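Q: Please pick one part of this model and take me through it slowly. I'd like to see how it fits in with what's around it.

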Amino acid sequence: MDTYYRPADLQKFAEIGRANEELWNKFQAYYSAVFAEGALTEREKALIALAVAHAVQCPYCIDAYTQSCLEKGSNVEEMTEAVHVACAIRGGASLVHGVQMRNVAEKLSM
Amino acid sequence: MGLTLIARASPLAAPSEQLRILGQGNTVPPFEEKIAEAGLAPLCATGISVLQVNVGKLCNQTCAHCHVDAGPDRREQMSRETAELCLRALEKGGIPTLDITGGAPELNPQFRWLVERARALGHHVIDRCNLTVLLVTPQADLPEFLARHEVEIVASLPYYRAAQTDAQRGAGVFERSLAALRKLNALGYGHPDSGLTLNLVYNPVGAFLAPRQEAIEAQFRRELDRRWGIVFNRLYTITNMPISRFLDYLLASGNYQGYMERLASAFNPAAAAGVMCRYTLSVGWDGTLYDCDFNQMLDLPTGLGAPHHIRDFDPARLAERRIVTRNHCYGCTAGGGSSCAGSIS
């Protein structure tokens with residue numbers, strides 16, 4: 001194996017079901033239901049998925065949901081804003097822990 | 001503006017080279033196999049309700065995805081004699097709709113004559129319009145002409161923003177398209193009760209499939225109205241066919257294999273059952289008959305005993321003809337399907 005991530009592996013995702021078909025089928029059914037048009041549109045859900053893909057830094061998901069966003073009618077400007085939302089939340093999540101740092105420092109300091 | 005494949009002396013200008021690439025066995029399963037699996041073999045026409053006439057390859061644009069390889073340097077044009085034969089076929093076959101395409105069909109000197117005659121005979125007439133041609137000086141009165149004859153306009157607009165539209169259709173095309181749409185709206189086109197129908201066509205700007213038609217139509221309606229106050233009737237989604245200049249783009253960008261796999265994996269039997277070749281007959285600028293405009297560009301005329309030329313038009317033999325298919329046909333059967341009237345299923 002020359003790299004941990006290979007684009008062709010995305011097509012093998014369903015092979016996960018070989019070792020436990022029942023759980024795979026349940027996951028698939030749930031996954032499909034989540035992304036179906038509901039209170040949110042399919043396009044909005046794809047943009048959320050793209051942002052989450054960047055937050056969890058999954059190259060398979062970034063590949064799949066970039067294509068999905070385009071196929072739902074989104075444009076690169078909208079997709080970039082979604083990535084910035086992920087970035088802001090990730091950055092903010094780090095920064096807000098500064099409060100914890102300050103609490104500890106305050107306790108330890110004179 | 002880009003150049004046509006012919007002007008670039010590209011090997012892909014030859015339909016035989018396109019068919020060679022599409023026929024390479026290691027890309028996707030043969031389309032015929034999928035049709036058989038869907039229980040649709042042999043794929044046959046079920047009638048002729050649309051005569052789609054391609055009056056020539058001359059165009060004022062050179063769009064990156066054009067399946068015709070149309071452009072300003074193309075000179076193929078339908079003659080008055082062949083146009084007359086098309087009118088006779090409409091009558092003889094009792095075909096309700098004449099669908100005129102190109103190139104930019106309005107640039108053919110026979111265009112207005114063909115429209116006037118077909119309308120006088122009571123046929124519904126569709127003009128597949130690139131919008132910017134309506135601003136070309138000799139055509140300045142075209143919108144009024146089309147409105148006067150109540151011609152349905154099917155106009156290309158791949159996106160509601162300039163960057164995407166211009167990337168596919170050329171620099172400045174979006175702004176000129178808006179100007180043409182404003183003219184059409186001012187005449188009543190696109191307004192619900194005017195009787196003047198303006199339908200838009202969405203093509204993906206790249207190597208991906210179109211959105212669900214109803215969803216992108218709602219998005220276009222909202223954005224075109226909000227940004228520019230433009231209205232339209234329906235929006236049709238049409239998949240880019242892996243032929244001609246779009247095939248050239250796919251190969252040059254390294255997307256060919258992935259795109260073909262995407263089309264084949266999204267094969268939809270319901271869409272396959274409703275493909276437009278089953279109810280459309282396509283006529284080339286020289287009168288040759290085809291199952292669709294894509295087969296026309298691949299030099300694949302009607303096959304297996306059906307007449308090959310409009311002068312030999314025989315509705316009984318053509319209405320149930322066997323359709324000629326190759327792997328580009330995956331473009332019409334992927335996802336919701338694709339036709340000149342938008343998605344299928």
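A: Start just past helix α2 of chain A, where Gln57(A) has a positive phi, near 50°. (Helices here are DSSP runs of H or I with at least four residues, strands are runs of E with at least two, and both are numbered from the N terminus.) Keep in mind that this is a predicted model, where local features need pLDDT of at least 70, side-chain atom pairs count only at pLDDT 80 or more, and totals for chains, interfaces and linings use all residues. Residues are numbered from 1 along each chain as its sequence is written, while chains are lettered from A and ligands numbered from 1 in the order in which they are written.

Now step back into the helix. α2(A) covers residues 42-55, which makes 14 residues. From first C-alpha to last, α2(A) reaches 20 Å, close to the 20 Å expected (1.5 Å times one less than the number of residues).

Which residues of α2(A) are buried? They are Arg43(A), Ala46(A), Leu47(A), Leu50(A), Ala51(A), Ala53(A) and His54(A). (Buried takes 20 or more other C-beta atoms within 10 Å of the residue's own, exposed means 12 or fewer, partly exposed is in between, and C-beta atoms are placed from the backbone.) Look down the axis of α2(A) and these buried residues fall within an arc of 155°, so they line one face of the helix. That arc is taken from the directions from the helix axis to the C-beta atoms. Behind this sits a handy rule: an α-helix has 3.6 residues a turn, so residues three or four places apart point the same way.

What covers that face? The cover includes α3 (59-71) and α4 (76-96) of chain A, plus α8 of chain B. (Contact means C-beta atoms, placed from the backbone, within 7 Å.)

So let's cross over to the other chain. The contact between the chains takes nine residues from chain A and nine from chain B. On the chain B side, helix α8 (residues 213-228) gives the most, with three residues. That side of chain B splits into five nonpolar, three polar and one charged. (Nonpolar is Ala, Val, Leu, Ile, Met, Phe, Trp, Tyr, Cys and Pro; charged is Asp, Glu, Lys and Arg; the others, Gly among them, are polar.)

Chain B has a helix to set beside α2(A). In α4 (residues 111-120) of chain B, Phe111(B), Leu114(B), Val115(B) and Ala118(B) are buried. They cover an arc of only 100°, which puts them on the same side of α4(B). Those residues pack against α3 (80-93), β2 (97-101) and β3 (124-129) of chain B. Just after α4(B), Gly122(B) takes a positive phi of about 90°.

Key. Two residues are in contact if their C-beta atoms, placed from the backbone, lie within 7 Å.
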